[in-house]
Amino acid sequence: MSDRTEIVVHPVSPKGGRKVTVHALGVDADLGRAFAPGDVSELLRLAGLEDVDLSEDGPISWEGGGPEVWTAGS
């Protein structure tokens, strides 16, 4: 059984920013909080996932809005 990598950018938190999580090889990891698309790229790079397409058509599941949503109610 193959295990594919799942990247999730969660909805905007009341504290600000969006939590970024990854599920890979049977392990869930909280990569941190992003406040802009560049933060998502950096968190993924630090996790060894470089050059990930951040568009809504890419491999990321954007919950609570796409890559343009960084504040509550946007």
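# A walk through the model, starting at isoleucine 60

Click on isoleucine 60 first: leaving aside neighbours within four places in sequence, its contacts are Ile7, Val9, Val40, Leu44, Val52, Asp53 and Leu54 (contact means heavy atoms within 4.5 Å). You are looking at a predicted model, where local features need pLDDT of at least 70, side-chain atom pairs count only at pLDDT 80 or more, and totals for chains, interfaces and linings use all residues. Residues are numbered from 1 along each chain as its sequence is written, and side-chain values use heavy atoms, with hydrogens and water left out.

**Zoom out**

Switch to a cartoon view and you'll find one helix and four strands. These are DSSP runs, numbered from the N terminus: H or I of at least four residues for helices, E of at least two for strands. Along the sequence they come in the pattern β-β-β-α-β. The radius of gyration is 12 Å, close to the 11 Å that the globule rule gives for 74 residues, so the protein is as compact as a globular protein of that length. (That radius is taken over C-alpha atoms, and the rule is 2.2 Å times the number of residues to the power 0.38.) Turn the C-alpha trace around: along its principal axes it spans about 40 × 25 × 20 Å.

**Select the core**

Now pick Ile7, Val9, Val20, Val22, Ala34, Val40, Leu43, Leu44, Leu54, Ile60, Trp62 and Trp70, the 12 residues of the largest nonpolar core. Strand 1 (6–12), strand 2 (18–24), helix 1 (37–46) and strand 4 (60–62) each supply at least two of them. Helix 1 gives the largest share, three residues. A nonpolar core here is a set of buried Ala, Val, Leu, Ile, Met, Phe, Trp, Tyr and Cys residues joined through side-chain atoms within 4.5 Å. Buried means under 20% relative accessible area, exposed over 50%, and partly exposed in between, with a 1.4 Å probe and protein chains only. Across the protein, buried residues make up 31% of the 74 residues.

**Follow the strands**

Show strand 1 and strand 2 together: they pair in the antiparallel sense over five bridges (pairing takes at least two DSSP bridges between two strands). Glutamate 6 stands opposite histidine 23 in strand 2. Their hairpin has five residues between the strands, and glycine 16 there takes a positive phi near 100°.

Next, add strand 3 (residues 27–34), which runs antiparallel to strand 2 and is joined to it by seven bridges. Valine 20 has glycine 32 in strand 3 as its bridge partner. In this second hairpin two residues lie between the strands, and leucine 25 takes a positive phi near 55°.

**Last stop: helix 1**

Which side chains meet in a salt bridge? Select arginine 45 and glutamate 42, with N to O at 2.7 Å. It's the one salt bridge in the structure, a term that calls for a side-chain nitrogen of Lys or Arg within 4 Å of a carboxyl oxygen of Asp or Glu. Both residues lie in helix 1, three residues apart, about one turn of the helix. Arginine 45 counts as partly exposed at 39% relative accessibility, and glutamate 42 counts as partly exposed at 35%.
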